[in-house]
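I opened this entry to keep a record of what I looked up, taking the salt bridges and the pocket in turn.

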Amino acid sequence: MAGVQDSLEIKFRLIDGSDIGPKSFPAAASVATLKESILSQWPKEKENAPKTVKDVKIISAGKILENNRTVGECRSPLCDVPGGVTTMHVVVSQPPQEKEKKQLRAQPSCLQIVDKCCCCCQ
């Protein structure tokens, strides 16, 4: 059972249902290390590839994992099955394109024109 405590087999499930891994990580590895591994192994044919570690969120047992935590701290009691593989979900958050940001800023808001609002709020 010592091997189960020292490392964890993890595969990362992407939003389209495909997987990266499984790969063995030591219990002392940080979540940031997991994210770096995801970046380096990201399938080249995928369009929504993350650009930096900050763009990647890892979800395990319904919780978003923090970069400074270790794999050992984040593991679920269900993960202690000998020879088992833990699936963690990966979400990529990308900043909106500059063009989209400008368009959002250019649109008037009824909240900005409180005393002269017309039919747009009815």
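What follows are my notes on a predicted model.

Entry on salt bridges. I searched the whole structure for salt bridges and found four. I began with D19, which pairs with K11, the closest N and O atoms lying 3.7 Å apart. I then noted that this pair belongs to a network of salt bridges in which K11, R13 and D19 are linked. I also looked up the accessibility of D19, and because its relative accessible area is 33%, which falls between the 20% limit for buried and the 50% limit for exposed, I entered D19 as partly exposed.

Entry on D16 and K46. Here I found the two side chains meeting in a salt bridge, with 2.3 Å from N to O. I placed both partners along the chain, and the pair links distant parts of it: D16 sits in the loop between strand 1 (7-13) and strand 2 (19-26), while K46 sits in the loop between helix 2 and strand 3 (56-60), 30 residues apart. For D16 I read a relative accessible area of 47%, so this residue too is written down as partly exposed.

Entry on E73 and R69. I recorded a salt bridge between the side chains of E73 and R69, at 3.3 Å from N to O. I checked the accessibility of each partner, and E73, at 46%, counts as partly exposed, as does R69, at 33%.

Entry on the largest pocket. Which residues line the largest pocket? I listed S60, A61, K63, I64, L65, E66, R69, E73, C74, R75 and S76, so that list holds both R69 and E73, the partners of the salt bridge noted in the previous entry. I noted a volume of about 180 Å³ for this pocket. When I sorted its lining by residue class, I had four nonpolar, two polar and five charged residues. I also looked up which elements contribute, and strand 4 (63-64) and helix 3 (71-74) each supply at least two residues of the lining.

Entry on T33. I located T33 in helix 2, which spans residues 31-41. I then compared its position with that of V71, and although the two are 38 residues apart in sequence, their C-alpha atoms are 9.4 Å apart in space. Is T33 buried or exposed? I settled on neither word, because its relative accessibility is 34% and T33 therefore counts as partly exposed.

Technical notes
Residues numbered from 1 in each chain as written. Predicted model: local features only at pLDDT ≥ 70, side-chain atom pairs only at ≥ 80, totals over all residues. Heavy atoms only, no water. 1 Å grid on protein atoms, 1.4 Å probe; cavity = no way out; pocket = protein on both sides within 12 Å on 5 of 7 lines; lining within 4 Å. Points joined across faces, edges and corners; volume = space filled by probe spheres on them. Helix = DSSP H or I, 4+ residues; strand = E, 2+ residues; numbered from the N terminus. Nonpolar A, V, L, I, M, F, W, Y, C, P; charged D, E, K, R; others polar. Buried < 20%, exposed > 50% of the residue type's maximum accessible area, 1.4 Å probe, protein only.
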